[in-house]
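Trainee: Got a minute? I'd like to go through a model with you before I set anything up.

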Amino acid sequence: MRAVGRALEILLAFTPQDFELTPSELLKRVDLSRPTLYRLLYTLEENGFLVSVGEPQRFRLGPSVARLAHVWTSSLDLSALAEPVLRRIWQTTNETVAMFLPQRELRLCVAELPSPQPLNFKRGVGYTERIVRGATGRAILAYMGSSEDELRAFAQGTNVNIKELQNELAQTRKRGYASSHSELISGAVSVAVPFFDRHGAVAGSLGVFGPEVRLDGTRLKHIAKLLQEEAKNLSAMLGYGSADAPAK
């Protein structure tokens, strides 16, 4: 078990900036003797987790690491990954909580926990809506970097005013969350925040929905702060914040 732990320390010493390391550089990052380091390096190389290049000898991650990364990515179920995050928000707010993913001009609900309260608002998994409408759509759209022509295409067939939309997207980026009041359902209030993938691209949004009698201005801001904290957790699970992800 100790050898396995040491081998993992070696693999974790590599970063996007330091993708090639000499044995001497690795010795500065892991607490190993030189003979032990070389023994583990060659074992990892034999199994495809490292490859050696150049003179003086340098090591970089090998194809076995890429294969494991592919398996992990292929098996990633975003809604299952986000379930603990959604449940924490749901337990704290007692309101309907949902996660949406972008589908070009649409947003798709992929997970939802309905409020247990008698008066609530929910749409259900599989629900789609134009991405220019509603807080969970605009929370995504604000970080997509869409041009004015793209916004016009997204809004085609709706009564959305492009200039007002652009102003709202700018405000969303400034405060870090989007909100809506009686926009899609009379009496319904929603607040939503984006989350990001390992490349720094917006991956979707988390939203809370409830009646305006419970979601006044003060409570909406408190929920927005909670959503921002949990969105950071979900983004970190997706790899955002790693050295190769640009900051927002």
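Mentor: Sure, we'll take the overall picture and then a handful of residues. Keep in mind that this is a predicted model.

Trainee: OK, what does the secondary structure of the chain come to?

Mentor: The count is nine helices and eight strands.

Trainee: And is the chain spread out or compact next to the globule rule?

Mentor: Spread out: its radius of gyration is 23 Å, and the globule rule gives 18 Å for 248 residues, so the chain is more spread out than a compact globule. Along the principal axes, the C-alpha atoms fill a box of roughly 70 × 40 × 30 Å.

Trainee: How many of the 248 residues are buried, as a percentage?

Mentor: Buried residues account for 42% of them. The chain exposes about 13,300 Å², with carbon and sulfur atoms supplying 53% of that area.

Trainee: What about contacts between residues at least 24 apart?

Mentor: Take the contacts between residues at least 6 apart in sequence: 56% of those join residues at least 24 apart.

Trainee: How many positive and negative side chains should I expect?

Mentor: There are 30 positive and 26 negative ones, and the centres of the two sets lie 2 Å apart.

Trainee: Switching to single residues. Where does Ser190 lie?

Mentor: Ser190 is in strand 7, which covers residues 188–196.

Trainee: Buried or exposed?

Mentor: Ser190 has a relative accessible area of 6%, so it counts as buried, the cut-off being under 20%. Its side chain makes a polar contact of 2.5 Å with the side chain of Ser180.

Trainee: What else is Ser190 in contact with?

Mentor: Beyond neighbours within four places in sequence, its contacts include Ala135, Ala178, Val208, Phe209 and Leu220.

Trainee: While we're by strand 7, which residue in the loop before it has a positive phi?

Mentor: That's Ser182, in the loop between strand 6 (178–181) and strand 7. Its phi is about 55 degrees, although Ser182 is not a glycine. Ser182 is partly exposed, at 35% relative accessibility.

Trainee: And what's the phi of Asn94?

Mentor: Positive too, at about 65 degrees, and Asn94 is not a glycine either. You'll find Asn94 in the loop between helix 5 (78–93) and strand 3 (96–103), partly exposed with a relative accessible area of 32%.

Trainee: What does Ser115 touch?

Mentor: Asn94 is one of its contacts, and Trp90, Glu95, Thr96, Asn120 and Arg214 are there as well, leaving aside neighbours within four places in sequence. Ser115 lies in the loop between strand 4 and strand 5 (128–130).

Trainee: Why is Ser115 called buried when it's in a loop?

Mentor: Because the label comes from accessible area: Ser115 has a relative value of 6%, and anything under 20% counts as buried. A polar atom of the Ser115 side chain also lies 3.1 Å from the backbone nitrogen of Gln117.

Trainee: What's Leu113 in contact with?

Mentor: Not counting neighbours within four places in sequence, Leu113 is in contact with Leu86, Arg87, Trp90, Glu95, Thr96 and Val97. Leu113 belongs to strand 4, residues 106–113, and it is buried at 15% relative accessible area. From Leu113 to Gly157 it's 44 residues in sequence and 30 Å in space, C-alpha to C-alpha.

Trainee: How far apart are Met144 and Ala203?

Mentor: In sequence they're 59 residues apart, and in space 9.4 Å, C-alpha to C-alpha. Met144 sits in the loop between helix 6 (135–141) and helix 7 (148–155), and it is partly exposed at 32%. Its contacts, neighbours within four places in sequence aside, are Ile131, Phe154 and Val202.

Trainee: Before I check the omegas, which peptide bond is cis at Pro56?

Mentor: The one from Glu55 to Pro56, with omega near 5 degrees. Pro56 is in the loop between strand 1 (50–53) and strand 2 (58–61).

Trainee: Last one: where does Val65 lie, and what does it touch?

Mentor: Val65 is in helix 4, residues 63–75. It touches Gly48 and Phe49, not counting residues up to four places away in sequence. At 25% relative accessibility Val65 is partly exposed, and Leu11, 54 residues away in sequence, is 9.1 Å from it, C-alpha to C-alpha.

Technical notes
Residues are numbered from 1 along each chain as its sequence is written. This is a predicted model: local features need pLDDT of at least 70, side-chain atom pairs count only at pLDDT 80 or more; totals for chains, interfaces and linings use all residues. Side-chain values use heavy atoms; hydrogens and water are left out. Helices (H or I, at least four residues) and strands (E, at least two) are DSSP runs, numbered from the N terminus. The radius of gyration is taken over C-alpha atoms; the globule rule is 2.2 Å times the number of residues to the power 0.38. Buried means under 20% relative accessible area, exposed over 50%, partly exposed in between (1.4 Å probe, protein chains only). Contact means heavy atoms within 4.5 Å. Accessible areas come from the Shrake-Rupley method with a 1.4 Å probe; for residues, only the protein chains shown count as cover. Lys and Arg count as positive and Asp and Glu as negative; His and the chain ends are not counted. The place of a charge is taken as NZ of Lys, CZ of Arg, CG of Asp or CD of Glu. A polar contact is a pair of N or O atoms within 3.5 Å; within protein, one must be able to donate a hydrogen and the other to accept it, and residues adjacent in sequence count only if both atoms are side-chain atoms.
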